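Biologist: I'd like to learn how to read strand pairing and helix packing in a model. Could you walk me through one?

Modeller: Gladly; let's put it on the screen.

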Amino acid sequence: IITRRTRGQVARESQIAIVDVKGEFDAVVVHGRELAALTTDQWTNLLRLPEVVFVRTTPEQKLQIVEQLQRLGHVVAVTGDGVNDSPALKRADIGLAMGIMGSDVARDAADVILMNDDLASIVEGIRYGRAIFDNLKKTIAYCVTHLVPEAWPTLLTICFDLPAALSSLAILAIDLGSELAPAISLAWEPPEGDVMRRPPRDAKTDRLFSTQSAIYCLFTAGAIETAFCFMAWLLVFNHYDVSYDLLPFSADYWTEDSPNLYLSGPSGCADDDIPPENITSACRYLTGPPQYQVMQEAAGAYSWTLVLGQVLHIFLCKTRLMNTRAHGIFNNPIMFYGLACEILLIIIFLFFPK
């Protein structure tokens, strides 16, 4: 149990009395009868050592040890199998009782029961517990990122009266349709190779969605996806020779019944009241149905780019700290089924809308 230098070992090596050893040891063994005389400061100094072993302790002293550790902000786990362990099991943040040899009182007081009474199962449980926490963070990062390119079209439409790059129906189709399967597939992501080499997370600061996660989702991955989505959206208008300066404050256009949209030519050539015989080949404009078609194609390009961006983004979400190639690209086959469903659904939504 003890792997570091104790006070007795330091005293023997230095050939001095144990009481004269001051701050030169990293481990200590404390008998239960010594606990009653400890002050708060002595408890603090004792529990700050890397290794502390308590021996011959009563149920009340076990409970006291748990409370002192919690006072210092530690997350305390206690294992036990007998009635004497039940107060500490109940008070601990995580109580683990033995399922085979443990008493009924201990099992009732515990949060977790080891069905095989093998303490090595705790290590495996911690490993998968950390994997679940990681996968939840990955799923949240994946889902929050695509909200950014969904929010910007609505904001720009409200502020500058731009043509709608995403309709409310398209947003629902992405959120509840194409994006659902890949997000769920991240639950099957295996633990990263360094998951057990990390220090315990700080329960007060390391949340599922932290400030660092928000910066990544909103200002890094989300911003990049939004930029490419708007690039694809504008390229469609450019393909039909629609000048970008025509897009702001064009709410009266882009429907099948909208007035003619002037593109180029003599002033007034796109007015509805101009006689057909006065319209020359120099007049270039779009009537209502072509405007609606251009707007629909631009919105489709925006949706398609958003989904393709998320297809690439999910590979970045496979890991939190490790390199993706080191972790493994093909170690989660469920994810590829999810991506296939996502691509299939967006194709159906875009090319078979009716």
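Biologist: What is the strand order in the open sheet of 3 strands?

Modeller: Keep in mind that this is a predicted model. To read a sheet, follow the pairing from one strand to the next. Here the order is β3-β4-β5, the sheet is open, and the pairing is parallel.

Biologist: Which are the edge strands?

Modeller: Look for strands that pair on one side only. In this sheet those are β3 (77-80) and β5 (112-114). You can also look at how neighbouring strands are turned against each other: the average here is 25°, with direction ignored.

Biologist: How many bridges join β3 to β4?

Modeller: There are 4 bridges between β3 and strand β4, residues 94-98, and the two run parallel. To get the register, pick a residue and find its partner: Ala77 faces Ile94 of β4.

Biologist: Now to β1 and β2. In which sense do they pair, parallel or antiparallel?

Modeller: Parallel: β1 (residues 27-31) and β2 (residues 51-55) are paired over 5 bridges. Again, use partners to fix the register. Ala27 lies opposite Glu51 in β2, and Val29 has Val53 as its bridge partner in that strand.

Biologist: What do β1, α2 and β2 make together?

Modeller: Trace the chain from strand to helix to strand. With helix α2 (residues 40-47), β1 and β2 form a β-α-β unit, and the unit is right-handed.

Biologist: Let's stay with α2. At what angle does α2 pack with α3?

Modeller: For a helix pair, read the angle and the axis distance together. α2 and helix α3 (residues 59-71) meet at about 80°, their axes 10 Å apart. Angles of 65 to 115 degrees count as roughly perpendicular, so α2 and α3 are roughly perpendicular to each other. Then see who touches whom: α2 contributes Thr40, Trp43, Thr44 and Leu47, while α3 contributes Gln64, Ile65, Gln68, Leu69 and Arg71. Sorted by class, the contact of α2 with α3 has 4 nonpolar, 4 polar and 1 charged residues.

Biologist: How do the axes of α6 and α10 cross?

Modeller: Helix α6 (residues 120-145) and helix α10 (residues 211-239) have axes that come within 9 Å and cross at roughly 45°. That angle makes α6 oblique to α10. For the hand, compare the near helix with the far one; the crossing of α6 and α10 is right-handed. On the α6 side the contact is made by Lys137, Ala141, Val144 and Thr145, and on the α10 side the residues include Tyr216, Leu218 and Glu225. In this contact of α6 with α10, 6 residues are nonpolar, 3 polar and 2 charged.

Biologist: And why is α8 called roughly antiparallel to α13?

Modeller: Check the angle against the cut-off: over 145 degrees counts as roughly antiparallel. Helix α8 (residues 168-178) and helix α13 (residues 333-351) pack at about 150°, with axes 10 Å apart, which makes α8 roughly antiparallel to α13. The crossing of α8 and α13 is right-handed. Ala173, Gly177 and Ser178 of α8 touch Glu342, Leu345 and Phe349 of α13. The classes in the contact of α8 with α13 are 3 nonpolar, 2 polar and 1 charged.

Notes. Residues numbered from 1 in each chain as written. Predicted model: local features only at pLDDT ≥ 70, side-chain atom pairs only at ≥ 80, totals over all residues. Heavy atoms only, no water. Axes fitted to C-alpha atoms, helices over the stretch in contact; angles between N-to-C directions. Parallel < 35°, antiparallel > 145°, perpendicular 65-115°, else oblique. Left-handed = near helix turned anticlockwise from the far one by under 90°. Contact = heavy atoms within 4.5 Å. Nonpolar A, V, L, I, M, F, W, Y, C, P; charged D, E, K, R; others polar. Pairing = 2+ DSSP bridges. Right-handed = clockwise from strand over helix to strand, strands pointing away.
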